[in-house]
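Got the viewer open? Let's take a quick walk through this one, starting from a single side chain and working outwards.

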Amino acid sequence: MSTRAPFHDGASILLVDDMEDNLIALEAVLGSLNEPLVRARSGEEAMKALLRQKFAVVLLDVRMPGMDGFETASNIKRLDQTKDVPIIFLTGSDDDGYAFRGYATGAADFLTKPFDPWVLRAKVNVFLELHRKNRQLERMLTDEQRRFDEIAERLTAIEEQLARGELVEVAELRHGMARLHDALRALGRARSTP
């Protein structure tokens, strides 16, 4: 059995519910995932938290005073900064209209209370893994862009030297092209590494 160190690169989970008992229950169920759990007692608090930091997933109660879960989800999906954060709606009602409305406002999933702790943990874990993979992909793309920029700089330097007549020897040109070729080969290896 392998153990993995907790991943805290923006993989926080936002728990939104106006009832303290529900927040405590969610923390008990999700605590074993070893990811930061952030509480919000209202839709307004949830929006503030989402604007302060990144979250891997939001667990959102449907029925809350003030801004309810549907309105909160609509606001989350409206903002460029938060529109891609997956939302799992939680509700005590088994009204099919709630599920339809939840999915219509951008929910990724919908669970009725009382929920099975194993199911909730498994669903949240899927979104954590997706978040990790997205972050890994972002880092890979950033590294690849940096390598492309380095190659472009080297090529520009060679072209400028040629234009000024500074590369008078073929050996110098070959050396510059070999460095460029090495950089391209390193980029190709980086792309093929999972």
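Select Ile 87 and bring up everything it touches beyond four places away in sequence: you should see Val 58, Leu 60, Ala 73, Ile 76, Lys 77, Ala 107, Ala 108 and Asp 109. Bear in mind as you click around that this is a predicted model.

Next, widen the selection to the largest nonpolar core, a set of 21 residues. Which of them touch the most other members? Colour Leu 14, Val 16, Leu 50, Val 58, Leu 60, Ile 87 and Phe 89, and you have them.

Now switch to cartoon view to see where this core comes from. At least two residues each are supplied by strand S1 (12-16), helix H2 (43-52), strand S3 (55-61), helix H3 (69-78) and strand S4 (87-91). Stop at H2 for a moment: with 4 residues, that helix gives the most to the core.

Hide that set and look for another one. There's a second, separate core of 19 residues, and Leu 15, Leu 33, Leu 111 and Leu 128 are among its members.

Time to zoom out and colour by secondary structure. How many helices and strands are there? Count 6 helices and 5 strands, then trace the chain along the sequence and you'll read β-α-β-α-β-α-β-α-β-α-α.

If you like contact maps, open one here: of the contacts with a separation of 6 or more, 63% join residues 24 or more positions apart.

Last stop, turn on the surface. The accessible area is about 11700 Å², with 55% of it belonging to carbon and sulfur atoms. As for what's underneath, 36% of the chain's 194 residues are buried.

Key: Residues numbered from 1 in each chain as written. Predicted model: local features only at pLDDT ≥ 70, side-chain atom pairs only at ≥ 80, totals over all residues. Heavy atoms only, no water. Buried < 20%, exposed > 50% of the residue type's maximum accessible area, 1.4 Å probe, protein only. Contact = heavy atoms within 4.5 Å. Areas by Shrake-Rupley, 256 points an atom, 1.4 Å probe, with all protein chains shown as cover. Core = buried A, V, L, I, M, F, W, Y, C linked by side-chain atoms within 4.5 Å.
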